Amino acid sequence: MTNKAIIVEKLSKTFNGFKAVDEISFEVGRGEIFGFLGANGAGKTTAMKMLCGLSMPSSGKATVAGFDIYQENESIKKNIGYMSQKFSLYEDLTIRENIRFYAGIYGIRPDIIKTKTVQLLTQLSLEKEADQLVGQLPLGWKQKLAFSVAIFHDPQIVFLDEPTGGVDPITRRDFWNMIYDATAKGITVFVTTHYMDEAEYCDRVSIMVDGQIDALDTPGNLKRLYQAESMDQVFLQIARKAKRTE
Amino acid sequence: MEKYHSEQASIVVSSVSKSYTSGKTVVKALDNISFEVEKGSLFGLIGPDGAGKTTLFRILTSLLLFDKGKALVDGFDVISGYKEIRKRIGYMPGRFSLYADLTVQENLNFFASIFETTIDENYDLIKGIYAQIEPFKNRRAGKLSGGMKQKLALSCALIHRPSVLFLDEPTTGVDAVSRKEFWDMLKGLKNKGITILVSTPYMDEANLCDKVALIQSGSILNIDTPHNITHTFSKTIYRIKGRDMQALLLQARQWDFAEQVYPFGEYHHAVIRQQSTELHFPEGVEASRIHPGIEDVFIDLMRSHDQ
């Protein structure tokens, strides 16, 4: 058993000769919050799909939650959680139905689903709304609920793809509080965001440019290295080097 | 068609309300909203998803009827003068709304011909934006990247030389570099005399507007220049930093002189209680007084609005 949640070595993905992801290497420690940044089109989504076991790499090696991404991608899917801004919950199912649906997919026993659903609804103060359609909830609530559902099966790692896009500034902070609580339980967090203040909340941050990882360190070290006052300035310095027109 | 006399205001919104029924509940999308946008200015609607920004855009572009109030765009009433308004405005909705199976050039030609003009006639206006996607003019719009789609959508919204441009969350989900480029393009359009109403959930973009309305749950919390909004904010804010930021956050929330403490990037921000005179920060905590930003003001307004 290693203390690494994710190990990636020279991972590449080529589409018709186009190197979307070009030999990236990095490791993510257990319980770490890892920020995966990059400009639109830098290759983040492609890399994330490979790590989630949804897309086969062209070359390179990687293990996620201790499983090989070529041979054991079904095991990876069982041991990770995933949430994105674009797709998270079913709008025309109720809160309770969404929880039961996702928990069922992960094969959780019905009696455990029942107990944990009560806990979760209490934590989020959504007891009264439990039988409302998810589509009627404000976005901030939806995103908090989606995150709770993504870690309902106690995955080793949770992948969050722009989880706070468009969310109000208070809820955005509540959301990060939930991320900290998850890491306190030992869950590793792999997160993308366009909010550079959120990059500061990560233990370490990588910045992708044209398919490669151009920088990887703690936010503090990156700011020192690039002589920048904020992660926003670091990001602009690095991402402006991009030659790809997406 | 009656045209209202308006020397300075390009958009006038006066006591506009709009409710939707969703199931059994009534949702107030806009609750008695009023504001004016000066001709040739860049006006920002700053607020999260669900604040009512899109509803307001649909009303001002004459696509949605409302319950109460009055709205004028370029001197015309949005209800009785909708035909005039549609000739004079450009609208870029939040969701990509061009034809995915037409090419870049076909899309642009299509919109030009609907407005009885040609690409050549208005090329000077879109040149700075369109030139960047022109190398891909034979590519289908559906096959473009996000950033290129955005540039095409803006070109299409401009092809008939509108006097007022409506942009609904053009930078949502867009990376920091492309966001900066996009705002530079807006500045260029403003300099050509076009009035721009733009919405965004990114608080930092407020500073790029001449004037902003902070909007939340269908109500306007504040309207002013970004400078005035932050400089008339009466509360004192300190930024604090410690070795263990999580522990500091919990600790600071117990300080009796701190009204609110919340994370803010590398630091936490502590809003100081107004009657506090002496501030004793524990040893090892780095603390310095800062000018509040738009996001600080927004958070404060949200809290007092909810109470």
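Reader: In this predicted model, two strands pair if DSSP finds at least two bridges between them; what, then, is the order of the open sheet of 4 strands in chain A?

Author: Strand β1 (residues 4–15) of chain A is joined to β2(A) by 8 bridges, and these two strands run antiparallel. The pairing in the open sheet of 4 strands is antiparallel, and the order in chain A is β2-β1-β4-β5.

Reader: Which are the edge strands of that sheet, and which residue of β2(A) is the bridge partner of Leu11(A)?

Author: An edge strand here pairs on one side only, as do β2 (18–29) and β5 (67–68) of chain A. Within the edge strand β2(A), the bridge partner of Leu11(A) is Ile24(A).

Reader: Why do the buried residues of α9(A) line one face of the helix?

Author: Helix α9 (residues 231–239) of chain A has as its buried residues Met231(A), Val234(A), Phe235(A), Ile238(A) and Ala239(A). They line one face because, when one looks down the axis of α9(A), they fall within an arc of 115°.

Reader: Which element of chain B is included in what covers the buried residues of α9(A)?

Author: The cover includes, from chain A, β3 (33–38), α7 (196–199), β9 (204–209), β10 (212–217) and α8 (219–225). Together with these, chain B provides α6 (176–191).

Reader: Which element gives the largest share of the side of chain A that touches chain B?

Author: The contact takes 29 residues from chain A and 29 residues from chain B. On the side of chain A, the elements that give two or more residues are α6 (169–184), α7 and α9. By class, that side has 14 nonpolar, 7 polar and 8 charged residues. Its largest share, 5 residues, comes from α6(A).

Note on methods
Residues numbered from 1 in each chain as written. Chains lettered and ligands numbered in written order. Predicted model: local features only at pLDDT ≥ 70, side-chain atom pairs only at ≥ 80, totals over all residues. Buried ≥ 20, exposed ≤ 12 C-beta atoms within 10 Å, placed from the backbone. Arc of directions from axis to C-beta. Contact = placed C-beta atoms within 7 Å. Nonpolar A, V, L, I, M, F, W, Y, C, P; charged D, E, K, R; others polar. Pairing = 2+ DSSP bridges.
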